[in-house]
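Colleague: I've got this two-chain thing open and would like a close look at one part of it. Could you pick a helix, take it apart for me, and then show me how it sits in the rest?

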Amino acid sequence: MSESKTVKFKLNGREVEAPEGRLLIDAAKDAGVEIPHYCYHPALGNPGNCRLCVVEVQGAPKPLVSCRTFVKEGMVVASDSPAAMRAQQSSLELHLVNHPLDCPVCDQSGECGLQDYYMEIGRYESQVREDKLHKGKRIEAGPHVMLDQERCILCTRCTRFVDEVTKTHELGIFGRGHGQYIDLVPGKTLDNPYSGNVVDICPVGALTEKDFRYKVRVWYLDETDSVCPGCSRGCSTSVHTNTERPWHNDGRRVARIKPRHNPEVNGWWICDDGRFGYDSLDHDRLGRVMRLKDQRRELSWTEAFEEIASALASRSAGKGAGGLVVIASGMLSNEDWAAFKVLFVDTLGVKHFVFGPEPDQLGEEDELLRKREKVPNLKGGQAQGFGTEIPSASWDSLAKDIEAGKVWGLYVVERDLTKVWGQRTADLLSKLGLVIFQGPNKTATGDLAHYRLPATAYVEEEGHFTNFGGTVQAYKKALEPLGSAKPDWAIFHGLAEHLAGDRREEAVA
Amino acid sequence: MISVTTVRRPARTMATQIYFLEILKGLLITLRHFFVNMSRHVLFELGLSKEPGAVTIQFPDVPAMLGNRARTRHRLLKRDDGTPRCTACMCCETICPAKCIHIVAEDSPDVQIEKRAKSFDIDLGLCVFCGYCVEACPVDAIHMDANDVELSAYSRKDMIWSMPELLGDKKKEAHR
């Protein structure tokens with residue numbers, strides 16, 4: 001292979017450079033000129049059927065589609081000349097011939113390609129006087145996707161997605177001429193694990209999310225860059241939240257999760273588990289610091305830190321730190337892992353940890369995105385020595401140790417023991433003098449603990465996840481914490497400070 | 001170009017300082033209005049004029065007279081088949097500067113209509129009566145012509161009107 005050459009060409013009167021062999025539409029985007037397009041998608045190829053990206057090229061007998069034209073040395077291209085604009089407008093007008101224009105009731109409204117490009121390049125007086133053609137509406141394409149054939153402009157992005165990316169072939173184009181429509185292939189439903197992505201790539205309101213249907217208008221949403229905690233892939237996501245109008249979306253703050261383009265991790269897609277697995281962010285949340293056993297009472301954070309620190313300190317002084325077992329998982333961020341190490345290894349000298357994903361945090365795996373470990377940050381723990389120098393103990397040996405009376409305390413971070421031990425859990429935990437649960441959600445383990453500490457969900461804190469390949473990604477704070485919840489690292493830090501304070505007092509005495 | 005005009009303050013003369021003359025002037029204006037209005041009534045009674053003089057309305061014993069274009073309480077309109085016209089597009093909720101319209105949407109049983117309002121509340125305690133909701137509505141579902149201006153209530157909660165109340169299906173009841 002020879003070194004890739006760069007070519008110079010003129011775009012809208014400007015001298016632009018691009019690598020040889022680059023598509024004109026991509027080269028223009030690099031230069032900051034977005035040429036309108038529907039059918040072209042960087043991940044799905046360029047069938048060139050929407051004819052919206054037409055540009056005027058000097059010397060060409062007629063306008064060319066920029067998604068199927070390669071840049072050439074000395075090319076003179078105009079995407080905003082009167083001729084190019086007229087060609088784009090005509091294409092848009094043809095797309096809208098049978099489009100119902102039901103924007104007020106359409107969920108895509110506000111992020112619709114037809115709306116955007118009409119305002120950008122359209123603004124023509126429609127010449128269409130014929131009646132609109134009616135097709136199928138409100139078709140349940142699959143468990144997550146609704147199909148409206150009338151709104152479809154037949155760009156074929158969705159059929160190419162199921163043909164090329166998931167290779168499941170659920171959608172196809174049927175009929176002829178202007179009677180063409182997208183529909184499910186007979187006998188199939190759009191139920192592949194990546195089906196939600198067809199909603200994102202659909203430039204119009206033909207494919208919409210069932211979960212999000214009529215919940216919130218898109219212009220009420222705030223977007224925050226985040227990282228999916230669903231598995232060790234750690235896909236880049238954007239969390240869409242609605243906080244100003246709580247009567248929408250049944251009071252839930254998180255309205256939907258969309259993928260964020262990241263060529264290093266997830267490309268353009270996320271799986272449906274990650275996309276629709278946000279219910280736990282608003283349901284069954286812990287918001288109060290509670291002492292549950294020996295007089296149930298709500299505590300302040302200072303009271304809780306003092307009580308827990310003194311209980312941990314006195315017990316580990318009397319019975320030895322070996323009797324305290326800490327159960328955590330890759331749900332912790334890099335910052336949490338660092339504070340975790342300071343508290344449990346450096347301050348308390350704990351030897352026994354359980355943090356491996358087996359058996360409750362494993363799931364399905366495939367070649368596209370999904371990984372087997374359903375936690376985002378095992379690598380971040382390894383960076384602190386968990387999984388390398390400090391091995392994860394097995395659940396069976398832990399259960400045996402508890403029954404043998406070798407263990408006096410458990411500190412459980414964001415993990416439900418009933419998923420591992422089932423019915424035995426309550427019995428095993430009742431043998432222990434001190435069980436502390438920390439996490440964002442209500443669990444059976446949390447109800448059995450002596451102390452229950454509310455932690456923030458990942459959308460309520462800032463942090464970093466290290467994915468399976470070692471890529472470190474930041475996630476940002478989208479929402480305020482519920483109740484008095486604190487980030488995990490702040491809880492570890494608070495306890496470590498109080499323990500250090502106790503030791504100082506002992507030294508003085 | 002912005003032009004600047006300097007306006008001089010009126011000089012404070014002895015006549016303005018003692019107020020007495022100004023009070024007299026004011027009383028003379030009132031007196032002039034009285035006689036002008038009186039003569040209008042007399043001319044109207046004699047059949048010499050078509051316009052009567054001004055009359056004070058004994059509100060609330062006599063109902064208020066409202067202009068044809070007055071913006072009064074909101075009213076939700078129905079289609080010919082009796083279903084609410086509202087499609088829950090949220091255009092009025094979006095344009096509302098007081099954020100007093102709260103709509104929750106749901107699927108309409110009619111596939112062609114697609115969407116309808118599950119609930120539609122207007123908090124008249126927040127409403128500023130700007131009329132933007134009427135302008136924004138794409139399906140002519142909301143009007144401000146209920147000719148109802150007596151909207152006071154005993155609690156803030158009672159200022160919220162629900163969809164049946166706005167449609168006229170249910171009488172607004174005060175909870176005391």
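Modeller: What follows starts with one helix of chain A and works outwards to both chains. Bear in mind that this is a predicted model, so read every value as computed from that prediction.

Let's take H3 of chain A, which runs over residues 113–122. Which of its residues are buried? Gly113(A), Leu114(A), Tyr117(A), Ile121(A) and Gly122(A) are. Looking down the axis of H3(A), those buried residues sit within an arc of 95 degrees, so they line one face of the helix. Turn to the face pointing away from that buried side and you find Met119(A) and Glu120(A), both exposed. And what lies over the buried residues? Part of the cover comes from helix H2 of chain A, residues 82–95. Once H3(A) is over, Arg123(A) comes straight after it with a positive phi of about 55 degrees.

For a second helix to hold against this, try H8(A), residues 334–347. Its 14 residues, at 1.5 Å a residue, should span 20 Å, and the C-alpha atoms at its ends are 19 Å apart, which agrees. There is a bend, though: about 25 degrees, located at Lys341(A). The buried set in H8(A) is made up of Asp336(A), Trp337(A), Ala339(A), Phe340(A), Leu343(A), Phe344(A) and Thr347(A). A positive phi turns up after this helix too, near 70 degrees, and here the residue is Gly349(A).

Now for two glycines in loops of chain A. Gly323(A) belongs to the loop that links helix H7 (301–319) to strand S16 (324–327). Is Gly323(A) buried or exposed? With 22 other C-beta atoms within 10 Å, Gly323(A) is buried, because the cut-off for that label is 20 or more. Leaving aside residues up to four places away in sequence, Gly323(A) touches Lys406(A), Val407(A), Trp408(A) and Gly409(A). Leu24(A) is another story: 299 residues separate it from Gly323(A) along the chain, and their C-alpha atoms are 67 Å apart.

Gly59(A) is in the loop between strands S3 (54–57) and S4 (64–65) of chain A. It has 7 C-beta neighbours inside 10 Å and therefore counts as exposed, the limit for that being 12 or fewer. From Gly59(A) to Val105(A) is 46 residues along the chain, with 45 Å between the C-alpha atoms.

Stepping back to chain A as a whole, you have 14 helices and 22 strands. Its C-alpha trace spans about 95 × 50 × 40 Å along the principal axes. Of its 509 residues, 46% count as buried. Take the contacts in chain A between residues at least 6 apart in sequence, and 67% of them join residues at least 24 apart. The chain is split into domain 1 (6–95) and domain 2 (290–508), and the C-alpha centres of those two domains are 55 Å apart.

Chain B has 5 helices and 5 strands, in the order α-α-β-α-β-β-α-β-β-α from the N terminus. A compact globule of 176 residues would have a radius of gyration near 16 Å, whereas chain B comes out at 25 Å. Its C-alpha trace spans about 80 × 55 × 40 Å along the principal axes. In chain B, 18% of the 176 residues count as buried. For contacts in chain B between residues at least 6 apart in sequence, the share joining residues at least 24 apart is 60%. This chain is also divided, into domain 1 (7–55) and domain 2 (75–167), with 46 Å between their C-alpha centres.

Finally, the place where the chains meet. How many residues does each chain put into the contact? Chain B gives 13 and chain A gives 10. On the chain B side, helix H3 (91–95) and strand S2 (101–107) each supply at least two of the residues that touch chain A. S2(B) gives the most to that side, with 4 residues.

Key: Residues are numbered from 1 along each chain as its sequence is written. Chains are lettered from A and ligands numbered from 1 in the order in which they are written. This is a predicted model: local features need pLDDT of at least 70, side-chain atom pairs count only at pLDDT 80 or more; totals for chains, interfaces and linings use all residues. The radius of gyration is taken over C-alpha atoms; the globule rule is 2.2 Å times the number of residues to the power 0.38. Two residues are in contact if their C-beta atoms, placed from the backbone, lie within 7 Å. The expected span of a helix is 1.5 Å times one less than its number of residues. The bend at a residue is the angle between axes fitted to the seven residues ending there and the seven starting there. The arc is that of the directions from the helix axis to the C-beta atoms. Domain bounds come from an automatic or database domain assignment.
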